[in-house]
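Trainee: I should like to learn how to read a model of a protein, step by step. May we go through one together?

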Amino acid sequence: MIGTAPSKGTVLVNGEPIARSPAGHFAPSFPLKLGENQFTLRYGKQEVKLTVTRLPLEPELPKGLAFAKDSLTPAVDIARQPNEPICFSAIAQGNANVTVKLAGQLVPLMPQTSIDLPANAAVLTANNQPMAIAASRYQGYAQTVLLGDLGKPEFFLTVDGKSMSQTSPGSIRILSPTQLEVAEVTADSGAARTGPSTDYSRLTPLPKGTRATVTGYEGEWVRLDYGAWINRKEVQLQKSAVPPTSLIRSIKANQVDGWTEVVFPLQVPVPVSVQQGDRSFTLTLYNTTAQTDIIRLDDDPLIARLDWQQTTPGQVQYTFNLKTDQQWGYKLRYEGTSLILSLRHPPGGRSQKPGDRSQALRSSIQNSKLKIQNSLAGIKILLDPGHGGPEDTGASGPTGYPEKAVALKISQLLQEQLEQRGATVYMTREKDVDVSLKARIDLINKVQPTLALSLHYNALPDNGDAIKTQGMATFWYNAQAHSLAVFLHNYLTKTLKRPSYGVFWNNLALTRPTVAPTVLLELGFMINPNEYEWIVNPTEQKKLVGAIADGVTEWIRISRGK
């Protein structure tokens, strides 16, 4: 419960006094039982009554002769390869006998004691431990070489000698190896995933024009031949008897206005993936066979050497050994059938030797008051004030003050500080307006800043304690942003003597752009009564933006060797 009352006096919840901050803010946490929970808040003569209903997260187990609601799988239409395992599952009471009939084949389903994984966000409260659940789920697998539409499987349930049947919601189709479709990516950046829903992890986005054979379907998702899944709305499907594959021969690199462009001439735009390491950038081409005898790579400000190998049949891997340990961004696109990889040059100077950052942090904190005019000359920085507009207010403090307002204020103050140092600063919003995630990402890709910061204040994670949960957090996604995230986080917490909530790799929309190191900062918890007082204090706000500006300046200086 989050709120505020005058500091003099006592706030009672169900007759018990609760702790409050010096200004009178409060945010106590209470466990909820299943069903209705009654709360009465009192302050002086004022009284507020609340009813909070907790619903079960687990599916309700059926009683008697019935399957649990919406528990039969496949739940959507699916298509698989011949002899590929097809999974069936159902939830029923523990002493049942369950079978599935598909195309005349009877498949027994066995009770499974499965392991339930917590949501990803559980790591934010250190509660991400797996938990075994009871044997109420029945699972089994089948394989078949029959081609075409096999219809919807029929589930049979027997309990205490009584039986019933129910048809699966989804039908099953077995694809013909000689009549596979080809998917061509029509989105500017196709979101490839490890499985057929947005619950699955993202892989390297596929550039527009990428072509791959479809090897499976599941609802609105299609599986591509190199293993990734993509939503149907991001591809165009075409009938083809020939899987799209390519040879590759010569490769050429050239420099274009702050970038090194490497051109990979291909016969077909094939799927790709990227992995960034310490002083290395690895590009993998799928469905590709090398006939390479010559590569042109002149002396380059970024690339020391290019190595390549045919790692498996149909898969070629290119490793760019870099001259700096800090990477500044990359882009991938197809021009016709040629893949263009653009690697961004450092903003000037050379990177320090690996391992020097910790010493640099100690010395920079000792000299944090040093501000050199034009120290950020030639540097472009994009600031993204989180949330905005009437609908997207973000988290709220005890007084109802919204995150969107303080994020904008901090961003505007930081803009002034950075511009005083010579930086060119871009803002995704300069007033209280709604800006979509896509529009924010599009601006980053258009501006191509030296770095981008998305500025936020935190909300309470599920199962968290608002009194105990506090501190600054930093989020990154692409490896090129890791050093910026760690450096800024350590700089701010040590300089400002603020608690650390942690540094997180996180698949957030505003950490995913690849053209520049992009970091999302959560500068404190709006919901924490004591931290909230620091968040809205004008003097502390000035200290905060000064520390962020100093930290950015130091990181730029260290990372480019100046």
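Mentor: Certainly. Please keep in mind that this is a predicted model. Let us begin with a helix and its surroundings.

Trainee: Which strands do the buried residues of α3 pack against?

Mentor: Helix α3 covers residues 437-447. The strands in contact with its buried residues come from separate stretches of the sequence, and they are β36 (380-385), β37 (424-427), β38 (451-458) and β41 (518-525).

Trainee: Within what arc do the buried residues of α3 fall, seen down the axis?

Mentor: The buried residues in α3 are R440, I444 and V447. They line one face of the helix, because their directions from the axis fall within an arc of 80°. In general, an α-helix has 3.6 residues a turn, so residues three or four places apart point the same way. The arc asked for is 80°.

Trainee: Which residues are exposed on the other side of α3?

Mentor: A residue counts as exposed when its relative accessible area is over 50%. On the side of α3 opposite the buried face, the residues that meet this cut-off are K438 and K446.

Trainee: Which residue follows α3, and what is its phi?

Mentor: Most residues other than glycine have a negative phi. The residue that comes after α3 has a positive phi, and this residue is Q448, with a value near 50°.

Trainee: What distance does α4 reach from its first C-alpha to its last?

Mentor: Helix α4 has 15 residues. At 1.5 Å a residue, a span of 21 Å is expected. Many positions along α4 are named as buried, among them L484, F487, L488, Y491 and L492. The reach of α4 is close to the expected span, at 21 Å.

Trainee: Which residue follows α4, and is it buried or exposed?

Mentor: The residue after α4 is K497, and its phi is positive, near 55°. K497 lies in the loop between α4 and β40 (500-505). Its relative accessible area is 70%, so K497 is exposed.

Trainee: Where does D257 lie, and what is its phi?

Mentor: D257 is in the loop that links β26 (251-256) and β27 (259-264). With 76% relative accessibility, D257 counts as exposed. D257 is not a glycine, yet its phi is positive, at about 45°.

Trainee: What is omega for the cis peptide bond that joins T73 and P74?

Mentor: Most peptide bonds are trans. The bond between T73 and P74 is cis, and P74 is found in the loop between β6 (46-54) and β7 (78-80). Omega for this bond is about 15°.

Trainee: Is S171 buried or exposed?

Mentor: S171 is in the loop between β16 (162-167) and β17 (172-174). Leaving aside residues up to four places away in sequence, S171 touches V76, D77, I78, D149, G151 and K152. Buried means under 20% relative accessible area. At 15% relative accessibility, S171 is therefore buried.

Trainee: How far apart in space are S171 and R202?

Mentor: In sequence, S171 and R202 are 31 residues apart. In space, taken from C-alpha to C-alpha, the separation is 27 Å.

Trainee: How many residues in the lining of the largest cavity are nonpolar?

Mentor: The count gives one cavity of 30 Å³ or more, and the largest cavity holds about 50 Å³ of space. Its lining includes F281, L302, W328 and R344. The lining residues divide into one charged, four polar and, to give the value asked for, six nonpolar.

Key:
Residues numbered from 1 in each chain as written. Predicted model: local features only at pLDDT ≥ 70, side-chain atom pairs only at ≥ 80, totals over all residues. Heavy atoms only, no water. Buried < 20%, exposed > 50% of the residue type's maximum accessible area, 1.4 Å probe, protein only. Helix = DSSP H or I, 4+ residues; strand = E, 2+ residues; numbered from the N terminus. Arc of directions from axis to C-beta. Contact = heavy atoms within 4.5 Å. 1 Å grid on protein atoms, 1.4 Å probe; cavity = no way out; pocket = protein on both sides within 12 Å on 5 of 7 lines; lining within 4 Å. Points joined across faces, edges and corners; volume = space filled by probe spheres on them. Nonpolar A, V, L, I, M, F, W, Y, C, P; charged D, E, K, R; others polar. Expected span 1.5 Å × (residues − 1).
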